[in-house]
Each structure stands twice: as structure tokens, then as C-alpha cells.
Amino acid sequence: MKAAFSVPDRQVMRGEVKDYLTIALGMILYGIGWTLFLLPNDITTGAVPGIASIVYFATGFPVQYTYFMINVALLVLALKVLGLKFCLKTIFAVFVLTFFLSVIQKVAPASPLLHNQPFMACILGASFCGSGIGIAFSANGSTGGTDIIAAIVNKYRDISLGKVLLVCDLVIITSSYFVLKDWEKVLYGYVTLYVSSFVVDHMVNSVRQSVQFFIISKKYKEIGEQININPHRGVTLINATGFYTGQEVRMMFILAKKRESNTIFRLIKAIDPDAFVSQSAVIGVYGEGFDHIKVK
């Protein structure tokens, strides 16, 4: 009898489980930043909750209805442009965040953290929220709202996620002044947006960062075979000649994610500790297994 799941199927399943766990971690961080630092200190934020708040202040229309309608429209657009997989993970993220918001509020201290230090609350809250969004994006997830707009723009244009979020939320925060008439809240909102967008870019770029290897070893076949298996990266052989010795050698060229560097180094050391290895960072790698080419 055949196994219920083949090796590729198990790998895909493990990858999906890892993505959902990563999204859950991101939502926990986002919930901590929002609930423990931003909300108790009356610091305004952007995104869909900001739009819902402005509509409520101006018209009295319940925020939950505005929030729901906007997210439904954005999810329909995301379903068409980004696919069902992205929407499922976004829906999962929304439910996880909602659940952990209630949990965090129950275990949170009675007195707000950094109550008389709104600037520090801005920095810490934005750092947690930005980290949560960045981690969710790295696993192809989203917290919904303007994150969906950012993901759609990033799919077709080489514009960072943080910049798209910054522009959307900047407009929302600035618009709140016409209702709240409080520039102090608007200014703290600006600080929160700047820090969170910076953290989002840092988190996403650190996950996507790639490196290249040039390896010269007499045991290139063994090393190449192991790298093909784990971390499952392609190996290109280049014919080279040593200038000093005049001997012909086979040089391996490998592109991999930065997080896979330790795995590759361990393989090389186990097979040929005397191998000559050159590692360098690359600005971008485009193609199968890496990023897609995005041009105007």
C-alpha cells in the first residue's frame, strides 16, 4: 500500500503549519503592543480601525459595522488578486488577534504601562505592532485592513510594504484631526506609524535576505548532493583554473536564504573541513525559490 502522504506532501503540510504558527506569533506580538502600550495611553493608530473611529466621531455610525464592511470589501479584492491562500491566512490572523486581545486585556495590569510616558509607549507599542505585522507578512499572512492594500501593491510593484502602510496610515491619522481637533494625538500617531513601518521593513527584509556561496573543494559532488537535499538549493558547477598552481578545479556557485547559511556551513565542515568558501550578501535574487521580478 502507498503511504497516505508522500514526502513532498508532508513537506508542504509542515510548511503550512509553520506559516500558521508564525502568523499566530505575529498576532500575539501585535496584540501586546496595541493592548498594553497604545490603547491604555490613548495613542491613535491608523489602518481600518482608524477609519472606523473617524466615521464614528463624525456621524455616530457604529465602528464595528464600518470595520466589517471595509474588511469584507478588501478581502473580496484580495481573493481576486492574491488568491484564496492569502485570504485564509488573513482570516486566521483576524480570529487569532481577536482572541489574544481579550486574553491580554484580562491579564494586563490594572494601571496602564508607561502611563505618564506617552513617547516611550509609542516606541514600544509601535515596535511590537510592527514586528507582529512583519512576522505575519513573512509567512504570507496579514492582519487585514491596509495590510491587504500593501500586499497587493507589493505584488505588482517593487515598493516596500512599510512604505505603503506608512502612506495609507498617514492619511488616516492626519484626517483624524478634523474630528478630534487634537494635534497631540495626531503627532503621537505619526511617531507610531514611522516606527512600526520601519520595523515592518526590517522584519520582512531580514527574512527575505539572500546570500551567495562560492565553494572550491575536491569533494564537490558530496557537498553538492547534500545541499540539494537540505536546504534543497540548486548548485551550479563552474570550471576554474588556479592561477598559481595551474590546476583545474570545480567551483560550486550557490544562492540561498541567509537563514540557511548555518546549514550549508555545517554540511561543508562535515564533508570537507579544508574547503575554500566565500560567502557574500546579495541585494536581490529573483526566480524560482526566491522573489518574483517586479518592474513598472
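**Exercise 1. Decide whether Arg-233 is buried, partly exposed or exposed in this predicted model, and then establish which residue pairs with it.**

Solution. Begin with the accessibility of Arg-233: its relative value is 12%, and because buried means under 20%, Arg-233 counts as buried. Next, look for a partner: Arg-233 forms a salt bridge with Glu-260, and the closest N and O atoms of this pair are 3.0 Å apart. The two residues belong to different loops, Arg-233 to the one between helix H10 (220-229) and strand S2 (235-241), and Glu-260 to the one between strand S3 (248-257) and helix H11 (261-271), so the salt bridge ties together parts that are 27 residues apart in sequence. Finally, check the partner itself: Glu-260 has a relative accessibility of 13% and therefore also counts as buried.

**Exercise 2. Describe the backbone features of Pro-231 and His-232 in the loop between H10 and S2.**

Solution. Start with the peptide bond that joins Asn-230 and Pro-231, which is cis, with omega at about 25°. Pro-231 is placed in the loop between H10 and S2, and His-232 lies in that loop as well. Then turn to the phi angle of His-232, which is near 60°, a positive value in a residue other than glycine. As a last step, consider accessibility: His-232 reaches 63%, and because exposed means over 50%, His-232 counts as exposed.

**Exercise 3. Find the salt bridges of Lys-89 and work out which residues they join into one network.**

Solution. A search of the whole structure finds three salt bridges. One of them is formed by the side chains of Glu-16 and Lys-89, with an N to O distance of 4.0 Å. This pair links distant parts of the chain, since Glu-16 is in helix H1 and Lys-89 in helix H4, 73 residues apart. Lys-89 also takes part in a salt bridge with Asp-19, whose closest N and O atoms are 2.7 Å apart. Asp-19 lies in helix H1 and Lys-89 in helix H4, so this second pair ties together parts that are 70 residues apart in sequence. Now compare each residue with the cut-offs: Lys-89, at 0% relative accessibility, counts as buried, and Asp-19 is buried at 16%, whereas Glu-16, at 22%, counts as partly exposed. Taken as a group, Glu-16, Asp-19 and Lys-89 are joined into one network by salt bridges that share partners.

**Exercise 4. Characterise the largest nonpolar core and follow the contacts of Trp-34 and Val-96.**

Solution. The largest nonpolar core has 23 residues, and those with the most contacts inside it are Met-27, Tyr-30 and Trp-34. The elements that give two or more residues to this core are helices H1 (7-38), H4 (84-107), H5 (118-138), H7 (161-175) and H9 (183-208). A second, separate core has 14 residues, among them Tyr-220, Met-252, Ala-256 and Ile-271. For Trp-34, leaving aside residues up to four places away in sequence, the residues touched are Leu-39, Pro-40, Leu-101 and Cys-129. Val-96 lies in helix H4, and with a relative accessibility of 11% Val-96 counts as buried. With the same sequence neighbours excluded, Val-96 touches Ala-24 and Met-27. The C-alpha atoms of Val-96 and Thr-143, which are 47 residues apart along the chain, are separated by 9.6 Å.

**Exercise 5. Test whether the end-to-end distance of H9 agrees or disagrees with its number of residues, and list its buried residues.**

Solution. H9 has 26 residues, which at 1.5 Å a residue should span 38 Å. The C-alpha atoms at its ends are 38 Å apart, so the two values agree. The buried residues of H9 are Val-186, Gly-189, Thr-192, Leu-193, Val-195, Ser-196, Ser-197, Val-199, Val-200, Asp-201 and Val-204.

**Exercise 6. Identify the residues that make the nonpolar surface patch of about 290 Å², and set the patch beside the totals for the chain.**

Solution. The patch is made by Met-13, Val-17 and Leu-21. Met-13 is found in helix H1, and at 43% relative accessibility Met-13 counts as partly exposed. For the protein chain, the accessible surface comes to about 17600 Å², of which 64% belongs to carbon and sulfur atoms. Of the 296 residues of the chain, 38% count as buried, and the chain contains 11 helices and four strands.

How values were computed:
Residues are numbered from 1 along each chain as its sequence is written. This is a predicted model: local features need pLDDT of at least 70, side-chain atom pairs count only at pLDDT 80 or more; totals for chains, interfaces and linings use all residues. Side-chain values use heavy atoms; hydrogens and water are left out. A nonpolar core is a set of buried Ala, Val, Leu, Ile, Met, Phe, Trp, Tyr and Cys residues joined through side-chain atoms within 4.5 Å. Buried means under 20% relative accessible area, exposed over 50%, partly exposed in between (1.4 Å probe, protein chains only). Contact means heavy atoms within 4.5 Å. Patches are made of residues with over 30% relative accessible area and no salt bridge: like charges are joined within 9 Å, nonpolar side chains (Val, Leu, Ile, Met, Phe, Trp, Tyr) within 5 Å. Accessible areas come from the Shrake-Rupley method with a 1.4 Å probe; for residues, only the protein chains shown count as cover. The expected span of a helix is 1.5 Å times one less than its number of residues.
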